[in-house]
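Hi,

Here is the structure I promised to pass on. Have it open while you read, and my notes follow below.

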Amino acid sequence: MSDDERIARETVAKVSRLARLALTDDEIDETTAQLAKMLDHFADIDALELADVEPMTQPYPLRNVFRDDVERAVLDRSEVLAQAPKAVDGRFEVPPILGLEES
Amino acid sequence: MTAHDVPTTAIDIAAAVRAGIVSASDVVERHLAAIDAHERDVHAFNRVLADQARAAAAAIDAAVAAGDDPGPLAGVPVALKDNLCTRGVPTTCSSKILDGWRPPYDATVVTRLAAAGAIAVGKTNLDEFAMGSSTENSAFGPTRNPHDVERVPGGSSGGSAAAVAAGFAPVGLGSDTGGSIRQPAALCGVVGVKPTYGLVSRYGLVAFASSLDQVGPFTHTVADAAAVLEIIGGHDPMDSTSIPEPVPDLSALLDDGVDGLRVGRITDLPTGADPDVVERVEAAFDALAAAGATIVDVEVPAFTYGLTAYYLIAPAEASSNLARYDGVRYGLRVDAPDTNAMYMATRHEGFGAEVKRRIMLGTYALSAGYYDAYYGKALKVRRLIADDFARAYERADVLLTPASPSVAFAFGDKTDDPLAMYLCDTYTIPSNLSGHPGMSVPFGTGAHDLPIGVQVLAPALHEPTMFRVAAELERAAPPTPAPRMIDVAVGGAGSAR
């Protein structure tokens, strides 16, 4: 498969929206070319027989971790909110969620 | 004792401070003086914590004067990678998107080092969010290699590696997701350790790829690395992936030698290492054989697929972890009329090119229609790698490989080709995927008289064996040259031990 067939520009544009990254047209062009080259290299694993291989998401099987249900110190809310770009009345402040621009 | 008599290793500094032979304040002043003299050439730090370090040193000295034990690392300056949270002290990940953020808590490793008497002297530069192999991806400009300031220190923990090599601190902490401790350690001529996944707490390490990230030390000597790992390792209830066991004793084993140990040579290791690197690895095999180890041939067929598996899995995890940088709770916000536009604008403005590239790659690999072909397949390759390692470790106690395919390269050499940069991690990546420990030990020099590191790999929780082999290599190693930008008064640490 050649580079330009590996990933389409429209796919890259869609992925940038999924990732909430506002990319310029030039950045989408550049990203398309770079991802195509990488995916071409990554095709080396296509030769492997993987049908019977169990996926491995973690180095070890993770077990649920429990702790005693006791009160203890947590982060100071005012210290946390002091780091926010905007905060009001003990909460994070954001612009309107709905309506002004299509997502 | 004058400031010039301050020892160069962590163990010697702590012993002198605890015995009252040298004050922690003298130790800190000597290192701040080295920073003052050479930081403008190296740019190891995003922030130097001079006032905080002086105050901590005064407290240590007061404890010594009062007859209290100031801790096993008393007075030891440490350089912290700037993706480790420090309460009230800016933690940037070398990204514009965390501009101005002061974490409301300390990373567990930071807490443990302070409790042991160590003194943080600064937050070190890195590739943005630890994504890179040269520290050129920092929003604050690159760090320079103390052995040749026209060359990279490696990355992503290039600032911590350079800080130790330059004599700014005898201990640095880094994080290693695909080689980000071992590769810069090799390029800067210092010891660098990536512990077993879960041995060191990740609480307060800003997440890049959570199933791969591990914190570890940079030091001049293997013994110092052991001493630091014994402090920062061990179970932490704040990290659900933390192994619920104490860290094994390492320091007591360093003189045990390698007699009877089986050292594996991977016969199907990916090619691409430069001849000078290959020559040093061969010399390392010879040195271990001469010390009584048996060299055995092993195969790790899936090793060569590590790069592909890693560059699908790590960006996939990163794309999820970095979703939190949305302009709501911390750092940068670019104002916009609604939240979605605010997210898009903030992330466009705040992230650098490599971080965007990996978010795009990871989001793509996880997206509907491509998940099975990329992320799903990569997870299966990860299993193959772990299985191949397990078979190899039936025949060998440790494996020996290059840490980096080359000595330190020049700035700009690989910035135009992301894939060329990724290949720097060929030999380090597989043990992140399997969760195994690995470390780079300086073992002579190659082209341009630049340091070369040999990598020792071991099975999970086999740090004791890994450190025994590393200590033997250190005994056999030619002295590492002193960094060229450092004058004799503050340098020479590189040839310690």
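Strand 7 and strand 8 (residues 294–298) of chain B pair in the parallel sense, with five bridges between them. If you want a spot to start looking, find B:Val263, which stands opposite B:Ile295 in strand 8 of chain B. Keep in mind that this is a predicted model.

Now add helix 8 of chain B to the picture: together with strand 7 and strand 8 of chain B, helix 8 makes a right-handed β-α-β unit.

Next, have a look at helix 15 of chain B, residues 463–476. How far apart should the ends of its 14 residues be? At 1.5 Å a residue, helix 15 of chain B should span 20 Å, and its end C-alpha atoms are indeed 20 Å apart, so the two agree.

Helix 15 of chain B is mostly covered, with 10 of its 14 residues buried. Among them are B:Met466, B:Phe467, B:Val469 and B:Leu473, but also B:Glu463 and B:Arg468. What do these buried residues pack against? Their partners in chain B include strand 7 (262–266) and helix 8 (275–290), which you have just met, as well as helix 7 (222–232) and strand 9 (398–402).

The pair of helices deserves a second look. The axes of helix 8 and helix 15 of chain B come within 10 Å and cross at roughly 105°. An angle from 65 to 115 degrees counts as roughly perpendicular, so that is how helix 8 of chain B lies to helix 15 of chain B. On the helix 8 side of chain B, the contact is made by B:Ala284, B:Ala287 and B:Leu288. From helix 15 of chain B come B:Val469, B:Glu472, B:Leu473 and B:Ala476.

Cheers

Key. Residues numbered from 1 in each chain as written. Chains lettered and ligands numbered in written order. Predicted model: local features only at pLDDT ≥ 70, side-chain atom pairs only at ≥ 80, totals over all residues. Helix = DSSP H or I, 4+ residues; strand = E, 2+ residues; numbered from the N terminus. Expected span 1.5 Å × (residues − 1). Buried ≥ 20, exposed ≤ 12 C-beta atoms within 10 Å, placed from the backbone. Contact = placed C-beta atoms within 7 Å. Pairing = 2+ DSSP bridges. Right-handed = clockwise from strand over helix to strand, strands pointing away. Axes fitted to C-alpha atoms, helices over the stretch in contact; angles between N-to-C directions. Parallel < 35°, antiparallel > 145°, perpendicular 65-115°, else oblique.
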